[in-house]
Protein chains: 2
Amino acid sequence: MTVADLGEFGLIAAIQALLPPDTSSVVGVGDDAAVLRAPDGRMAASTDLLIEGRHFRRDTSSALDVGVKAAARSLVDVAAMGAVPTGLLVALAAPGDLPVSWALGLARGLAQECARAGASVVGGDTARASSVLLAVTGLGDLGGRAPVLRSGAVPGDLVAVAGPLGRAAAGLALLSAGMTVPPAWAAPLVAAQRRPQPPYDAGPEAAGLGATAMIDISDGLLADLGHVAAASGVLIDVASARLSPGNLSPGNLSPGDPLLTAARTVRAHIDPTAHRDLTDCGASPGPASALAWVLTGGEDHALAATFPPGTALPSRWTVIGDVREAPEGAGVLGAAVLVDGQAWAGPAGWDHFSG
Amino acid sequence: MTVADLGEFGLIAAIQALLPPDTSSVVGVGDDAAVLRAPDGRMAASTDLLIEGRHFRRDTSSALDVGVKAAARSLVDVAAMGAVPTGLLVALAAPGDLPVSWALGLARGLAQECARAGASVVGGDTARASSVLLAVTGLGDLGGRAPVLRSGAVPGDLVAVAGPLGRAAAGLALLSAGMTVPPAWAAPLVAAQRRPQPPYDAGPEAAGLGATAMIDISDGLLADLGHVAAASGVLIDVASARLSPGNLSPGNLSPGDPLLTAARTVRAHIDPTAHRDLTDCGASPGPASALAWVLTGGEDHALAATFPPGTALPSRWTVIGDVREAPEGAGVLGAAVLVDGQAWAGPAGWDHFSG
């Protein structure tokens, strides 16, 4: 059965029937608008697009995967302001011949990731289009805390990260190399690519700890720290040793880390310059280097934040660098983030780290 | 210059530069999420899709028109809950060869309609796709009033409408008949089709007056009253005399009303069954009848609400019918709304009304 057979109202009813009970909103799916509780008196809100052929492919990602990823991308934006995600609005454009089972799998993925974040699907819209497109709006409550902007980092601050780095990029590299049935060691990387698991509660936690700036890592650690540096008018220096095996917690890049095995595997078995492009705007797999994946892979949706010096951070936050004065005449995005005091020049100089 | 030449960050900066100052939000465009004031402690939120080739065509609607329509569709959903629209999030998917001037015209239309509603563009996302698609999320504040649902109508209530009916459908019929350069009398109808002007403040007004149910008329008066009747478990009877020339205010369907002229014109000059399909899911122009347009045309986005009997309504609200007990065994959507006590059977029996 296709969504065209079911019709718009039938599709919405079928999706609604499989969503878990919605306890976060006053009015949920089915009226002109949803009504969410906003006990803080302010509401954080962010919209993200997820487009077939650009952000996912139906032949390599399941409907559940796409639902998880679509929800995660918007909910983590809300968490990156220091807010607790509460609700999700989902606009789904799809061809009429989309199987109903795919639409329901998508809804399950959205609901599953909402539940992980403590939020509910509260509304949406559907329409026909030539390919699948999702526009997902995440909403959240600040719980009395000031929103943590990109612009608040000051020289002397610590730079710290919560959540995995580079794993989704490694998973994409393995998939791109043709590893369609990943062995056990690679499964977590492929899963990270297909279903990111952002550390939502680390966002409000960072706000509570006095974070001065925060961002979710969607474009890559260096690119996203670049947004913080540019908005704050500072320079950020990342210490590569802090990203080395065994330093990132929990368990990321420990000596037996699958990221190192993945880099060895990809380099040994494929020509890294001749990868299949699985998506045309996802993180490019690029040359196989664990450090390159950690510095430039984005789709894990970890959180990066700056904190005043001396802040006692819980163990899931790993200090990876510090904030410095921007040099005279600076301001170019690309120069505002350094690695060990130098501009990052790609993986060439980092072979010691590539496994 | 195309949006591909400008790049995503360049496009966002160019759009941001032409948006008026945003006074409604705490954090606007440019961070991970926007932060809006929600002084009520609750937030109304609604998402709508607007898809090229389905809801608009770039050769018959200007970028400004599309922006106005996209904003109006979401903001009026918020108003239909009784909330005051405060913010808009805009996800824009577009081909790389879209002219930058078109994207900026779109942004002007969005900003213009937000200003009319008292809201601001507070955030969004952009991505490439093969055609233009907008997913727009409207947010609003209830100001201490209970949200007005579709499900609250009770037998004995009045049914009233604020805002124009049938004008967008008449405009579409004229455009479909090939009237590309409308004469002066037709200009308001064509404008209604291209740039709906919902009566946003009538939404909170109705809530303040004790409205028991409310909906925005996007699918047509009978279809949308059908949603209210189904959700409330009631029957709604519309009195056609209440929709006759001179009764609808302000000025809608007065004796010299352009709707009547439009029906005469379309019937005299074209074969009404051979219209050009300007959009494939917009209101079909259908046979040329002013009453049919009023009863089944949706894209004006007027508001329909039910009120307790005896409610003193301001002049822009026109009582058009009443709420009755649903008959035993009822519940079918199509039978829950009657016109003069009978199921609406199309424009055939209403020639006296067609001008």
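This report describes the symmetry, strand pairing and nonpolar core of a predicted model. Residues are numbered from 1 along each chain as its sequence is written, chains are lettered from A and ligands numbered from 1 in the order in which they are written. Local features need pLDDT of at least 70, side-chain atom pairs count only at pLDDT 80 or more, and totals for chains, interfaces and linings use all residues.

Chain B is superposed on chain A by a rotation of 180° with 0.0 Å of shift along its axis, at an RMSD of 0.0 Å (a least-squares fit on the C-alpha atoms of residues with pLDDT of at least 70 in both copies). That is the relation of a two-fold axis. The same surface serves both copies, since 100% of the contact residues of chain B recur in chain A, where contact requires C-beta atoms, placed from the backbone, within 7 Å. Of the residues of chain B, B:Gly41 comes closest to the rotation axis, its C-alpha lying at 2.4 Å.

In chain A, strand β11 (residues 317-325) pairs with β7 and is also joined to β9; strands are DSSP runs of E of at least two residues, numbered from the N terminus, and pairing needs at least two DSSP bridges.

| Partner of β11(A) | Sense | Bridges | Opposite residues |
|---|---|---|---|
| β7(A), residues 158-162 | antiparallel | five | A:Val161 and A:Thr318 |
| β9(A), residues 234-238 | antiparallel | five | A:Asp237 and A:Asp322 |

The largest nonpolar core has 236 residues, and those with the most contacts inside it are A:Leu88, A:Leu133, B:Leu88 and B:Leu133. Such a core is a set of buried Ala, Val, Leu, Ile, Met, Phe, Trp, Tyr and Cys residues joined through C-beta atoms within 7 Å, buried meaning that 20 or more other C-beta atoms lie within 10 Å of a residue's own. Not counting residues up to four places away in sequence, A:Leu133 touches residues including A:Leu49, A:Ile51, B:Ala129 and B:Leu133.

How values were computed:
Two residues are in contact if their C-beta atoms, placed from the backbone, lie within 7 Å. Helices (H or I, at least four residues) and strands (E, at least two) are DSSP runs, numbered from the N terminus. A residue is buried if 20 or more other C-beta atoms lie within 10 Å of its own, exposed if 12 or fewer, and partly exposed in between; C-beta atoms are placed from the backbone.
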